[in-house]
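Trainee: I am new to this one. Could we go through it with questions and answers?

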Amino acid sequence: MLTQEERAAISEGCDSSPSARAAAPHALGAVQASRGWISDESLSDIAEFLHMTPAELDSIATFYNRIYRSPVGRHVILLCDSVSCWIMDYEYLLNHLLTKLGISGFGETTKDGMFTLLPSACLGACDHAPAMMVDRELFGDLTRQSIDTIIDQYRIKDGDRRTAQSPLATGRKEQ
Amino acid sequence: MIDSPLTHAMKPTKEALAIDEYEDAGGYAALRTAVTEMTPFDVTAAVTDSNLRGRGGAGFPTGKKWSFVPPPGKRTGAAYLVVNADEMEPGTFKDRLLLEQNPHLVLEGALAAAFAIQAQTVYVFVRWAYAKAAQRLTKAIIEAQRRGYIGDNVLGSKFCVRVHVHTSHGRYLCGEETGLLNALEGKRASPRSKPPFPQVVGLLGRPTVVNNVETLCNIPPILRNGAAWFKALSKTGDSGTKLYGASGRVNAPGLWELPMGTTPREIIEKHAGGMKSGYNLRGFLPGGASTDFLTDRHLDVPMDFDAMQKAGSRLGTGTMIVLDDRTCPVAMVHNLVTFFARESCGWCTPCRDGLPWTQNILADIEQGRGRPEDLDRLELHCKLLGPGRTFCALAPGAVEPLQSALKYFREDFERHITEKRCPYKH
């Protein structure tokens, strides 16, 4: 079931889109903003709201890089793996980041459900390569030290919420 | 007269120019002149005279593009102006600067363009990663509405216009003109078959012009200062200034608004501070991931549309990626092709199947499993994925760095194969 707020957010998108159906990506984004990812159940609910079939909506959901059809952690780290960051040795930082997070590769989520690490195409911050985004925040000129600081700060910020249930855990329940 | 019309008013703090600051620097005067003193035809003519060419990469003449839109007497219903702010070409970061630091210039350019093609709706298609840009643009739209630059009867004229910001959910194809229109309609951002061209059949089947951010930013200064001034800004036959950039192992990666036709040597040595200590220049991609490599032999070729093409590459987005002598060119091309293979929308076969195949061959060579005949196979792919065989420019763009790498860095490919390892890894 979509919440009142989710319905309102979708409708708002419909108003500024060229047609109601054109709001489909926006609707997926709006629901993802509140739930963290798009489960099959969410997909069906949104499709019904937009008068589409779930399969039709899924063809859109799976096309766009930033719509998640699997559970993600509370924060998504997007490490740029495109050419300028590659030249500036992002791969070296990737190894450091994996160790720091205790995961073994892209696409994985930390045990506490706090971070998911994903690769990203060029973030348009090539003059500050290597670069990454955490959620909607951009970080450039990355070094091992600055990565440590960034991750630690997120952990401290979220510290008081650490016992709260993560979207990842919620997502698993829905499945 | 100002010689850097796109960036001169920007604040050292990197904050967005507020509407008062923008107006104080002469902002919105061009829109006022356009809607109160000029006809849409006059505006298009002024832009055509200026010889402004599209800054998104293809370099199509902007005035000509607008002139293909049927005038209201010859069409029924709406027309649309779409701002392509879906910057995602690897190595490119120029539109971010304009969107974040001078959003009113983007808006004024879009509004003047909408007036020229008599569109009543503007969509600004912003990439998801540019959250700050979208936020600043949204604020600028509200400011502009309050001052009467957006809405019904703009500045007392008959021109009525609405502006919407659409944030994408990420895919390289969203930046392709017709892929963008599909994305805006809420579909998969696969490209459309052309013709018909979007100027005739575009968004929701209506006449639509899609212009790049930097292109539109040039419109207000052209209308304010005239075509002769705009042409005089350039060092060559292509008019205006260009936002040039450099990334890679240079001392000071960055962006600079310089006369069109500035040389790579000046950009790298003077503005980017030269190569980092211990690194020498091996080559460069002049304008993003989908342009052919050039080498030190091309450092004095003017960076404009025609000269870059004659040199065997393209100006593209004008933001160059520098390859140094300690970075493996085979691995670099592998990185580039991996990006294109991942971003291929799968709509047509050469791109969907050819790019992963190319990616696998390059991985083999890079990891020491390559065979001599692989080079022929790569050459063949450059042809089979080239222009004329696909719906859009993704695959032809993907093979541009590959085909030029095979030409300029052939020895590196051969060494990988004979030595069965990457000679750059110690």
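Mentor: Domain bounds here come from an automatic or database domain assignment. The model is a predicted one.

Trainee: How many Å separate the centres of domain 2 of chain B and domain 3 of chain B?

Mentor: Chain B is divided into domain 1 (19-232), domain 2 (241-324) and domain 3 (329-419). Taken over C-alpha atoms, the centres of domain 2 of chain B and domain 3 of chain B are separated by 23 Å.

Trainee: Which three residues supply 45% of the area that domain 2 of chain B buries against domain 3 of chain B?

Mentor: In this contact, 15 residues of domain 2 of chain B meet 14 residues of domain 3 of chain B. The area buried between the two domains is about 1200 Å², with 65% of it from carbon and sulfur atoms. On the side of domain 2 of chain B, the three residues that supply more than any other three are Arg282(B), Asp292(B) and Phe293(B).

Trainee: What is the distance between the closest N and O atoms in the salt bridge of Glu400(B) with Arg314(B)?

Mentor: A salt bridge needs a side-chain nitrogen of Lys or Arg within 4 Å of a carboxyl oxygen of Asp or Glu. Between domain 2 of chain B and domain 3 of chain B the count is two salt bridges. For Glu400(B) and Arg314(B), the closest N and O atoms are apart by 3.1 Å.

Trainee: Which residue of chain A forms a salt bridge with Arg342(B)?

Mentor: The contact between the chains takes 39 residues from chain A and 47 residues from chain B. Chain A and chain B bury about 3500 Å² between them, and 60% of this is on carbon and sulfur atoms. The count between these chains is one salt bridge. With its closest N and O atoms 2.8 Å apart, the partner of Arg342(B) is Asp81(A).

Trainee: Over the ring of which residue does the charged end of Arg171(B) sit?

Mentor: The charge counts as over a ring if CZ of Arg is within 6 Å of the ring centre and within 35 degrees of the ring normal. The charged end of Arg171(B) is 4.4 Å from the centre of the ring of Phe63(A).

Trainee: Why is the pair of Phe115(A) and Tyr154(A) stacked or edge-to-face?

Mentor: A search of the whole structure finds 13 aromatic pairs over all chains. The ring centres of Phe115(A) and Tyr154(A) are 6.3 Å apart and the planes are at 75 degrees, so the pair is edge-to-face.

Trainee: How many residues apart in sequence are the parts that this pair of Phe115(A) and Tyr154(A) ties together?

Mentor: Phe115(A) is buried, at a relative accessible area of 1%, and Tyr154(A) is buried too, at 6%. Lys157(A) lies over the face of Tyr154(A), 4.4 Å from the ring centre. Phe115(A) lies in strand S2 (residues 115-120) of chain A and Tyr154(A) in helix H7 (residues 144-157) of chain A, so the separation in sequence is 39 residues.

Trainee: Is Phe159(B) buried or exposed?

Mentor: Phe115(B) and Phe159(B) form an edge-to-face aromatic pair, 5.3 Å centre to centre, with 80 degrees between the planes. Phe115(B) is in helix H6 (residues 103-117) of chain B, and Phe159(B) is in the loop between helix H7 (131-146) and strand S3 (162-167) of chain B. With a relative accessible area of 8%, Phe159(B) is buried.

Notes. Residues are numbered from 1 along each chain as its sequence is written. Chains are lettered from A and ligands numbered from 1 in the order in which they are written. This is a predicted model: local features need pLDDT of at least 70, side-chain atom pairs count only at pLDDT 80 or more; totals for chains, interfaces and linings use all residues. Side-chain values use heavy atoms; hydrogens and water are left out. Rings of Phe, Tyr and Trp (its six-membered ring) pair if their centres lie within 6.5 Å; planes under 30 degrees apart count as stacked, over 60 as edge-to-face and the rest as tilted. Helices (H or I, at least four residues) and strands (E, at least two) are DSSP runs, numbered from the N terminus. Buried means under 20% relative accessible area, exposed over 50%, partly exposed in between (1.4 Å probe, protein chains only). Contact means heavy atoms within 4.5 Å. Buried area is the accessible area (1.4 Å probe) that two parts lose on being put together, summed over both.
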